[in-house]
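Q: Got a new structure open here. Can you walk me through it?
A: Sure, let's take a look.
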Amino acid sequence: MLQGFAEWLSLTSANAVFSDTNQFWTWLIIPVSQCIHIVCVAIVLMAVGLLNMRLLGFAGMRQSFAELSAHLMPWFWTALIILFLTGTVQTIAEPARELLNIGFKTKMVLLFITVLITMFYESAVKKDPNYWNSPAHRNLATVLATLSLVFWIGIAAAGRMIAYLDLRQQ
């Protein structure tokens, strides 16, 4: 299924534009997209890193989790949207390299899980600002924060591995 979609995507006009290296302006699309992608990865990792470290009791202790979350979540969601857009551009430019790659698939599964965890953090704190401070939720906070940190590291590693796990026949 992904093979067929990747083949179809490689025949689109968007692919022709994004993968054109003969003209200066189209040649710049991918390097600029990658730079923006990397900056947004840093923003997302800093935001979720701080939130998770706060839940684990290692950082941000001067603020409640609710205050820290209110400050960081707009950064997180904005950067995540930009990551989606720049990632889409990169996928359209090289659909088979991305969509058929185990590194990409791993990254997407881990991303789905971590976004769900982050959404849970946010919804819980919106309903009850002291949700994550209560002793009844400490164990859950520790487990989710640990999983989230490990999975975000996995996302960064899997994203980086896409360049090295391209096993298509050249």
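Q: How many residues line the largest pocket, and which lie nearest its centre?
A: The lining has 37 residues, with His37, Gly87, Gln90, Glu98 and Lys107 nearest the centre. A pocket here is an open set of points on a 1 Å grid over the protein atoms alone, where a 1.4 Å probe fits, with protein on both sides within 12 Å along at least five of seven lines; lining residues have an atom within 4 Å of a point.

Q: Anything to know about the model?
A: This is a predicted model: local features need pLDDT of at least 70, side-chain atom pairs count only at pLDDT 80 or more, and totals for chains, interfaces and linings use all residues. Residues are numbered from 1 along each chain as its sequence is written, and side-chain values use heavy atoms, with hydrogens and water left out.

Q: Which element gives the most to that lining?
A: H5, with nine residues. Helices are DSSP runs (H or I, at least four residues), numbered from the N terminus.

Q: What's the lining made of, by class?
A: It has 21 nonpolar, 10 polar and six charged residues. Ala, Val, Leu, Ile, Met, Phe, Trp, Tyr, Cys and Pro count as nonpolar, Asp, Glu, Lys and Arg as charged, and the others, Gly among them, as polar.

Q: Back to His37. Where does it lie?
A: In helix H4, residues 29–56.

Q: Is His37 buried or exposed?
A: Buried, with a relative accessible area of 12%. Buried means under 20%, exposed over 50%, partly exposed in between (1.4 Å probe, protein chains only).

Q: What does its side chain make a polar contact with?
A: The side chain of Thr86, at 2.6 Å. A polar contact is a pair of N or O atoms within 3.5 Å; within protein, one must be able to donate a hydrogen and the other to accept it, and residues adjacent in sequence count only if both atoms are side-chain atoms.

Q: And Gln90, which helix is that in?
A: Helix H5. Gln90 is buried too, at 14% relative accessibility. Its side chain has a polar contact of 3.1 Å with that of Ser33.

Q: New topic. How many disulfides are there?
A: Zero, by the rule used here: a pair of cysteine sulfur atoms within 2.5 Å.

Q: Why is Cys40 not in one?
A: Because the closest cysteine sulfur, in Cys35, is 11 Å away, too far for a bond.

Q: Is Cys40 buried or exposed?
A: Buried, at 5% relative accessible area.

Conventions. Helices (H or I, at least four residues) and strands (E, at least two) are DSSP runs, numbered from the N terminus.
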